[in-house]
2 protein chains.
Amino acid sequence: MKPTFSLRLKIFNLNCWGIPFLSKHRADRVKRLGDFLNMESFDLVLLEEVWSEQDFQYLRQKLLPTYPAAHYFRSGIIGSGLCVFSKHPIQEFTQHVFTLNGYPYMVHHGDWFCGKAVGLLVLHLSGLVLNAYVTHLHAEYSRQKDIYLAHRVAQAWELAQFIHHTSKKADVVLLCGDLNLHPKDLGCRLLKEWTGLHDAFLETRDFKGSEEGCTMVPENCYVNQRELEQFPVGIRIDYVLYKAVSGLYISCKTLKTTTGSDPHSGTPLSDHEALMATLCVRHSPPQHNPSPTHGPAERSPLINVLREAWTEVDQGLAQARWWATIAGYVIGLGLILLVLLCALAAGGGIKEIAILLWTPNVGLVLGAGAFYLFHMQEAKSLCRVRAELQHVLGRARETQDLSPESEQALLLGQQEGDRAEEQ
Amino acid sequence: MKPTFSLRLKIFNLNCWGIPFLSKHRADRVKRLGDFLNMESFDLVLLEEVWSEQDFQYLRQKLLPTYPAAHYFRSGIIGSGLCVFSKHPIQEFTQHVFTLNGYPYMVHHGDWFCGKAVGLLVLHLSGLVLNAYVTHLHAEYSRQKDIYLAHRVAQAWELAQFIHHTSKKADVVLLCGDLNLHPKDLGCRLLKEWTGLHDAFLETRDFKGSEEGCTMVPENCYVNQRELEQFPVGIRIDYVLYKAVSGLYISCKTLKTTTGSDPHSGTPLSDHEALMATLCVRHSPPQHNPSPTHGPAERSPLINVLREAWTEVDQGLAQARWWATIAGYVIGLGLILLVLLCALAAGGGIKEIAILLWTPNVGLVLGAGAFYLFHMQEAKSLCRVRAELQHVLGRARETQDLSPESEQALLLGQQEGDRAEEQ
């Protein structure tokens with residue numbers, strides 16, 4: 001590779017809000033998105049919430065001349081909603097479906113049925129290996145009382161681990177998607193700290209678009225204004241994150257967002273704003289490396305965020321076990337009732353009522369059984385995430401310079417870890 | 001690294017048959033396993049079917065002086081049953097839970113409840129990075145009519161992909177576990193072809209143990225003899241597989257199995273036989289590389305096995321869609337019946353019977369709904385595996401030397417691929 005080597009990447013990311021029957025003007029928006037993508041010619045287009053495979057197939061046909069490579073990531077019952085279009089050949093792809101993704105009985109939220117996932121594409125560009133990831137984490141339905149917080153933190157960790165373990169030989173790592181996390185949220189910090197990914201919005205010197213880089217803004221006519229009541233400017237939950245390794249330097253030359261309307265005319269393309277980034281990869285000047293692997297100076301924020309995540313997951317675990325216990329009691333009660341009803345039906349005076357109540361009672365026991373099993377599985381998965389966090393915390397402790405302050409913090413972490421392992 | 005560098009690894013693998021309340025002499029066997037492992041001092045111990053976390057904790061305490069590092073892989077409702085003990089520090093670990101793993105309504109088989117998975121450990125030994133994987137695939141309950149075949153092939157593919165994507169920077173890759181696959185089974189060939197892993201039993205010149213390296217033998221008193229009726233010598237379904245990359249050479253110096261009895265005395269340690277391998281890693285002589293990445297000469301078997309897997313997964317997909325359709329009809333029928341029953345209850349003469357039948361009918365509709373959703377999810381997951389296989393098939397086609405014979409085979413493959421993508 002020549003010292004003057006440089007690679008430019010034009011990236012497009014959008015949560016398309018493509019829910020069949022529910023999202024307004026879906027067909028028209030998908031058509032206009034296709035026109036726009038054809039006109040602009042990005043290197044890589046990463047889309048979320050393309051829930052209908054027909055929409056993907058429509059875009060695929062339409063974009064074929066400009067983006068010969070495409071892939072739709074299938075998972076869960078509805079699908080992950082993730083897809084990609086690429087100007088360059090896709091060498092490899094795979095995906096990881098998050099083991100925790102909400103609750104099946106929260107049907108009105110629907111996330112559980114989607115099979116939220118992270119998709120990976122491997123591309124070879126100018127002799128470099130690019131690992132591009134696209135993802136969509138569990139939605140946040142209430143910021144004040146977020147029952148999915150532990151799941152979202154666990155998803156952020158699984159995402160970070162998937163990137164960490166699959167990108168070890170990549171020269172450039174790119175992550176785009178709707179994280180459903182604000183920039184300072186625990187999951188977002190955990191992801192950035194563990195992977196070393198940089199936020200295009202924070203890094204670029206040339207940003208054009210919505211105020212504070214928000215990707216859900218009140219100006220967008222499709223946005224539920226009540227959801228943004230506490231955020232007059234909007235919220236930033238969609239990201240372009242990147243890093244380069246092995247003596248390469250990556251920077252975000254320009255970053256643009258749409259601002260609540262179609263980039264050319266008409267209504268917006270989605271209820272989210274699109275992100276358009278131009279990244280530049282070149283040889284790193286030896287005196288400064290902008291993507292350090294977590295050296296001693298970086299350890300402290302990593303340790304703090306790991307401990308925070310550990311605590312959150314631990315609380316989620318306690319909650320999951322509580323629900324499993326409640327379900328256990330209901331099963332016990334239901335079984336006692338069943339025996340009583342059988343006795344009444346056999347000889348008592350209220351035979352008919354007993355027979356009538358028998359079937360709903362069986363339903364109750366079965367329902368509680370399913371509920372119990374689900375929360376047992378939830379507990380197992382949270383336990384797994386906690387163990388991984390704890391291990392990384394332990395490793396961080398071993399390698400960092402032990403300042404008195406951090407030593408105390410780590411000791412606390414270790415105690416928590418030991419306690420957890422014993423449980 | 002010196003040219004005379006060499007690293008010896010002593011590996012132990014066993015499916016422990018540790019089902020609480022069901023497996024015979026469990027406590028005694030776990031105790032004797034602990035004694036044996038302490039006495040022998042392996043570098044790495046990889047165990048499957050340690051279903052009880054108490055058993056793991058017992059072993060952990062017992063083995064602590066000899067194997068200071070340990071990890072239990074939690075997943076699903078019951079757990080993956082996988083755990084490891086290591087003489088060397090574990091740098092990193094993570095796991096991948098298979099997205100397809102049998103059917104929840106096949107309660108008597110139980111695999112679905114386990115959350116079968118692959119666990120990954122990263123170890124740093126003498127400056128080398130060792131990625132060690134431990135796994136346990138879905139059991140084969142009937143070889144003649146195997147309803148889980150598509151799932152097992154999909155699991156083998158997910159396992160191969162997980163190893164492929166997470167081991168790119170590893171110097172040595174090791175996979176141990178109970179694959180529930182005979183050496184010539186499709187899943188086993190797919191795994192070996194795609195990862196380039198070598199089979200210790202086939203590679204070693206110094207083998208001691210059961211005939212043909214079998215890991216379930218009729219001499220073992222815990223083995224269900226009926227299951228081995230067609231295999232008088234036994235079956236080989238547990239493996240030690242390995243490869244080395246980047247100018248290193250790995251070989252299996254010795255391989256031993258137990259032979260249906262305790263290695264020292266008494267009843268066997270499990271219904272499976274233990275595998276004990278001594279691997280040797282050293283500098284590869286430049287003139288021969290025993291672990292080629294799939295070059296042109298290797299393409300043809302890879303392509304054949306990919307096509308075979310594609311066909312199998314495609315058949316599984318058709319089956320999944322068929323079940324989903326049947327469930328759809330049952331839901332429709334159930335809903336019509338519900339309306340009829342409501343009408344009868346409102347005015348008809350058989351009011352009581354109508355009321356009695358109403359609740360089981362609701363149960364039927366709900367049950368069929370769950371069945372429908374499950375098989376929709378199964379179809380999505382199989383579709384995903386098929387798309388990945390198809391893509392790899394396409395890439396293999398592009399890079400291989402196109403002989404007339406293989407060209408025809410590939411054309412067929414491509415046609416299948418195109419057909420699949422259109423569906």
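How many residues does the contact take from chain B, and how many from chain A? Let me begin there, and let me say at once that what we have in front of us is a predicted model, so please keep that in mind throughout. The contact takes 44 residues from chain B and 44 residues from chain A. When we turn from residues to area, about 4,200 Å² is buried between chain B and chain A, and carbon and sulfur atoms give 56% of that area. If you look for the residues that supply the most on the side of chain B, you can pick out Arg74(B), His165(B) and Lys380(B), which together supply 16% of the area that chain B buries against chain A, more than any other three residues.

Next, the polar side of this contact. Between chain B and chain A there are 21 residue pairs in polar contact, counting pairs in which both residues are at pLDDT 80 or more, and the count of salt bridges between the two chains is 2. One of these salt bridges joins the side chains of Lys168(B) and Glu92(A), at 2.8 Å from N to O. As for the elements involved, the side of chain B that touches chain A takes two or more residues from each of helix 2, strand 5, strand 6, helix 4 and helix 8 of chain B, and helix 8 gives the most, with 15 residues.

Now let us follow Glu92(A) into its own chain, where it belongs to strand 5 of chain A. Is this strand buried or exposed? All 6 of the 6 residues of strand 5, residues 92-97, are buried, so the strand is largely enclosed by the rest of the structure. Glu92(A), Thr94(A) and His96(A) point one way from the strand, while Phe93(A), Gln95(A) and Val97(A) point the other way. Strand 5 of chain A also pairs with strand 6 of chain A, residues 117-125, in the antiparallel sense and over 6 bridges, and within this pairing you can find His96(A) opposite Val118(A) in strand 6.

Finally, a word on the cysteines. The structure holds 0 disulfides over all chains. Cys83(A), for example, is in no disulfide, and the nearest cysteine sulfur, which belongs to Cys16(A), is 6.6 Å away, whereas a disulfide needs the two sulfur atoms within 2.5 Å. Cys83(A) is buried, with a relative accessible area of 0%, while Cys342(A) is partly exposed, with a relative accessible area of 40%.

Technical notes: Residues numbered from 1 in each chain as written. Chains lettered and ligands numbered in written order. Predicted model: local features only at pLDDT ≥ 70, side-chain atom pairs only at ≥ 80, totals over all residues. Heavy atoms only, no water. Buried < 20%, exposed > 50% of the residue type's maximum accessible area, 1.4 Å probe, protein only. Helix = DSSP H or I, 4+ residues; strand = E, 2+ residues; numbered from the N terminus. Pairing = 2+ DSSP bridges. Contact = heavy atoms within 4.5 Å. Buried area = accessible area lost by both parts, 1.4 Å probe. Salt bridge = Lys/Arg side-chain N within 4 Å of Asp/Glu carboxyl O. Polar contact = N/O pair within 3.5 Å; in protein donor to acceptor, adjacent residues only side chain to side chain.
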